[in-house]
Amino acid sequence: MAVLKLKQGGIWYKIVAGKWTPELFSVQEGKPCVSISTEVVGGARWQQKELSLPMDEPYLKEWGWQRCVAEGMDSMELYRWLYRCAKEGFTVDYRTIMMDGVEQEPVAVDGGTDLAFAIARAYGDTSAGSLEWFGKQYPSDPENFRVMNIPLMQFEGLSEETLLNVIYRVKEDNPELCFLLFPSDSQALPVLEENGSYKTLYCIAPTGKKRKEMVDVMRKARAYVHDKVYHLYGIEAGKPLSVEQKKKVLKIIHDWMILHGWSSETESNGSGLEVNYLSNTAYAALDPGRIALCGGYTQAFNYMARSFSIHAIYMSGYAYRNASQIDGDGHTWCAVQMSDSYEYGTYSQEPQDWSCIDVYWDEPAHEAAYGGAAPVRDDVIWRYFLDVDTIFQSYPRHEIDSSKGYGTLPCGDAEPTANYKYEGNSLYRWEELE
């Protein structure tokens, strides 16, 4: 019987379990490859020679992936490649790319334990001063974190902007990957360039054992919130929600995260907990033994909200303390789609369907430190909870950086207008619900 196949964008697809699936071919007879053969800019064809089983694609309904789909096959293949490499972690030793039948220089997956040197090398400055500074920020932790090298020479025709956008989309869509990018001040791309072409993305990745530990912490926290939401409201995770149900679920997530996490401004700094390179991960915001920054709070909140089939997008932009501040501080927060007219995976382009939440700023100690005034409560506040007027109009205020290809909304440059300001004063104490 003939096998039905479809070719799109240079890629062959076949029907597997009732859906079109990229066809994996064999370098060695009978063994599937990590990646299919594909065309890249300039007409080159590439394949990756390491052998692996096909991998699932849990990100197909997330906003970052859908932006790649809108851009075309080049962005999609880069996304798939980065996801696969981050997901596989250190389970392979080398990745070897063949382009137009010519084998490129093999890239060792494990870049070693010297995080400071790898970061300095990626930035082109391995001076003693640079190594000392990065060493303080990124101390080696060989049992838990290592440098991962992801080859990118097959995407040499893509622009730096596209590379940066897709890298961040993968990270923001998939919190459980737990991989960390090197700091990207001034939007510097964390990629080593050789002779004007991209070769390797250096990132920090947990060892297999450490990743399992991190994911277990995240899933345990998620299950705990699922349980409390169900017992309070009878709402099951994954079921379609009304606007009123979304408000209830989002408030539970918001309040629980603040009550059970530590921000960089809390008194926990005096107990030995410190901000480090994990602080912008969902793991840090969900582990009571760590301190999280705004990026970590945003990742964790989105992770929780999406598990209830609530569209949640990682927003990237700036924070302004007052009207006299000219250059804003880099900041992240959450955008949520409040309309109940769309199934999960369909994103509204109307500003009135979107609202925002800044869990990090609603932590009282941080509100006091950044806003300059004593918070109205010492446990949880709701100043930046679904109140877009306060978020975008009142100081301290937020400003979306719409110039980026990530961290922005489906409604383009328009700010969200769905305002559901919480007027109540109720705070559920989790110990009363045990």
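In what order do the 4 strands of the open sheet stand, and is their pairing parallel or antiparallel? In this predicted model, the strands follow the order β19-β18-β17-β20, and the pairing is antiparallel. As a reminder, strands of a sheet pair through backbone hydrogen bonds, either parallel or antiparallel. The edges of the sheet are formed by β19 (354-357) and β20 (397-400), each of which pairs on one side only. The sheet is not flat in the arrangement of its strands: neighbouring strands are turned by 50 degrees against each other on average, with direction ignored.

One pair in this sheet can be followed in detail. Strands β17 and β20 are joined in the antiparallel sense over 4 bridges. A helpful place to look is Ala319, which stands opposite His398 in β20.

Strand β17 also leads to the next topic, the empty space inside the model. Rolling a probe the size of a water molecule over the atoms shows where empty space is left. In this structure, 3 cavities of 30 Å³ or more are found. The largest cavity has a volume of about 110 Å³. Its lining is made up of 14 residues, and the closest to the centre are Trp63, Gly64, Glu172, Asp173 and Ile313. Three elements, namely α1 (63-71), α5 (160-173) and β17 (312-320), each supply at least two residues of this lining. Strand β17 is thus shared by two parts of the picture, as it belongs to the open sheet and contributes to the lining of the largest cavity. Sorted by class, the residues around the largest cavity comprise 6 nonpolar, 2 polar and 6 charged.

The second largest cavity holds about 90 Å³ of space. Among the residues that line the second largest cavity are Lys171, Asn174, Pro175 and Leu177, followed along the chain by Cys178, Phe179 and Leu180. Further along, Asn280, Thr281, Ala282, Tyr283 and Gln299 also take part in this lining. Here the classes divide into 7 nonpolar, 4 polar and 1 charged.

Finally, two helices offer a clear example of packing geometry. The axes of α6 (residues 208-233) and α9 (residues 294-307) come within 10 Å, and they cross at roughly 50 degrees. Angles of 65 to 115 degrees would count as roughly perpendicular and those under 35 degrees as roughly parallel, and α6 and α9 are therefore oblique to each other. The crossing of these two helices, α6 and α9, is right-handed.

How values were computed
Residues are numbered from 1 along each chain as its sequence is written. This is a predicted model: local features need pLDDT of at least 70, side-chain atom pairs count only at pLDDT 80 or more; totals for chains, interfaces and linings use all residues. Side-chain values use heavy atoms; hydrogens and water are left out. On a 1 Å grid over the protein atoms alone, a cavity is a set of points where a 1.4 Å probe fits but cannot get out, and a pocket is an open set with protein on both sides within 12 Å along at least five of seven lines; lining residues have an atom within 4 Å of a point. Grid points are joined across faces, edges and corners, and a volume is the space filled by probe spheres set on the points. Ala, Val, Leu, Ile, Met, Phe, Trp, Tyr, Cys and Pro count as nonpolar, Asp, Glu, Lys and Arg as charged, and the others, Gly among them, as polar. Two strands pair if DSSP finds at least two bridges between them. Axes are lines fitted to C-alpha atoms, for helices over the stretch in contact, and angles run from 0 to 180 degrees between N-to-C directions. Angles under 35 degrees count as roughly parallel, over 145 as roughly antiparallel, 65 to 115 as roughly perpendicular and the rest as oblique. A crossing is left-handed if the near helix is turned anticlockwise from the far one by less than a right angle, and right-handed if clockwise.
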